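Colleague: I am new to this structure. Please show me how to read it.

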Amino acid sequence: MSKHRIVLLPGDGIGPEVVEAGRRIVEATGLPVEWITRQIGVSAVEKFGDALPEDVVSEIKACGVALKGPTTTPIGTGHVSANVRLRQELELFANVRPVKTVPGLETPYGAVDLVVVRENTESLYAGLENVVAPGVVTSIKVITDRASRRIAHFAFEYARQWGRKRVTAVHKANIMKLADGLFLSCAEEEAAAYAGEVVFDDILVDALAMRLVKKASDFDILLLENLYGDIVSDLAAGLIGGLGLAPGGNYGADCAVFEAIHGSAPDIAGQGIANPIAVILSAAMMCHHLGDVTAYRRIRKSVATISQEQKDKLTPDLGGKGSTVGLTEAIVEEVRRRVKDRLDE
Ligand code: NAI
């Protein structure tokens with residue numbers, strides 16, 4: 001079988017530690033892979049003077065797939081986020097963040113099983129900021145018909161592919177009548193094509209925040225513009241036990257980049273205690289994208305088995321005393337057992 005060529009982007013902070021876990025898990029599934037490792041983020045600024053060197057973008061375009069660690073973005077000054085640039089330059093318009101309770105790691109918020117579908121290229125992330133007068137700054141929110149229809153279409157197709165029953169558009173169209181109004185009307189128009197198959201409704205983003213905390217099981221697929229999607233997905237991750245458990249994938253027409261929701265966590269970088277599960281589950285999503293559904297299932301089931309049966313291996317964010325390497329090793333062993341015993345086929 002020919003090898004999948006996958007670009008590996010370790011990133012900054014805890015990135016290299018958790019991305020190595022993702023790489024090891026994929027190898028354990030037996031998926032044939034040639035890894036192409038490239039630097040982005042702060043380390044790339046230091047070495048090449050650019051957080052996202054041009055050859056990284058062209059390499060991902062050539063391979064079609066990347067597994068990425070988080071990158072650090074300076075606050076207020078400094079370089080533009082490598083993430084934002086990557087998503088814009090590769091037109092990775094859809095950010096998918098499944099948030100599902102991990103067996104053995106139940107929280108007071110009940111069983112959560114929802115998917116955040118976030119528009120990834122515009123809104124306030126367009127980067128259009130200006131000082132219009134001393135002490136006065138504008139930051140322009142861009143919402144287009146094209147991008148709103150494209151992400152709504154993606155969300156409904158995702159529902160169809162994954163057997164999901166409901167798409168909820170999240171907005172603030174009572175205040176941003178034009179911008180969020182356009183986003184909502186595009187979703188409504190797209191929904192018409194799926195009537196009878198996928199239920200469509202909508203909710204104000206502030207009301208959603210409260211309802212998620214009170215009863216997240218009310219929701220299935222959440223469809224959001226860029227900024228709301230970013231904030232709501234962190235909130236949703238908190239409902240299942242934290243950022244260390246929430247994976248993600250960025251999809252475009254030609255490429256996909258898989259990464260955890262979390263950032264570079266400078267407060268724990270280098271300590272060997274970062275939770276690798278979010279990147280491991282992102283790697284599972286990548287296997288699914290590459291057509292290996294068995295590898296996807298094996299990884300997910302292995303995470304569930306270890307989180308239920310080997311609590312001593314859990315990292316401190318989950319209340320354990322384990323390490324990144326120790327937890328990874330346990331999950332790798334479980335994946336190997338499932339491959340050897342031909343489980344989940
Ligand atoms: P963060 O997600 O890095 O950390 C928030 C909190 O969660 C910290 O206490 C951290 O220790 C904890 N945490 C995050 N991931 C964890 C894991 N795997 N295991 C255990 N604990 C974990 O968010 P923060 O601090 O706001 O951002 C730090 C940097 O990351 C910033 O420069 C930001 O721009 C960048 N960032 C990058 C992202 C990306 O590359 N996709 C996404 C979000 C933030």
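Modeller: Start with a polar contact, a pair of N or O atoms within 3.5 Å. Here a backbone N or O atom of Asn275 lies 2.9 Å from a nitrogen atom of the ligand. The protein covers 69% of the 810 Å² of accessible area that the ligand has on its own. Such areas come from the Shrake-Rupley method with a 1.4 Å probe.

Colleague: What can I rely on in this model?

Modeller: The model is predicted: local features need pLDDT of at least 70, side-chain atom pairs count only at pLDDT 80 or more, and totals for chains, interfaces and linings use all residues. Residues are numbered from 1 along each chain as its sequence is written, and side-chain values use heavy atoms, with hydrogens and water left out.

Colleague: Which atom of the ligand does the backbone of Thr71 approach?

Modeller: An oxygen atom, 2.8 Å from a backbone N or O atom of Thr71. Glu259 uses its side chain: an N or O atom there is 3.1 Å from a ligand nitrogen.

Colleague: Which residues come nearest to the ligand?

Modeller: A residue is near if one of its heavy atoms lies within 4 Å. Of the 21 around the ligand, Thr71, Asn83, Gly263, Ala265 and Asp267 come nearest.

Colleague: How many cavities of 30 Å³ or more are there?

Modeller: A cavity is a set of points on a 1 Å grid over the protein atoms alone where a 1.4 Å probe fits but cannot get out; lining residues have an atom within 4 Å of a point. This structure holds one of 30 Å³ or more. Its lining includes Pro98, Lys100 and Arg300.

How values were computed: 1 Å grid on protein atoms, 1.4 Å probe; cavity = no way out; pocket = protein on both sides within 12 Å on 5 of 7 lines; lining within 4 Å. Points joined across faces, edges and corners; volume = space filled by probe spheres on them. Polar contact = N/O pair within 3.5 Å; in protein donor to acceptor, adjacent residues only side chain to side chain.
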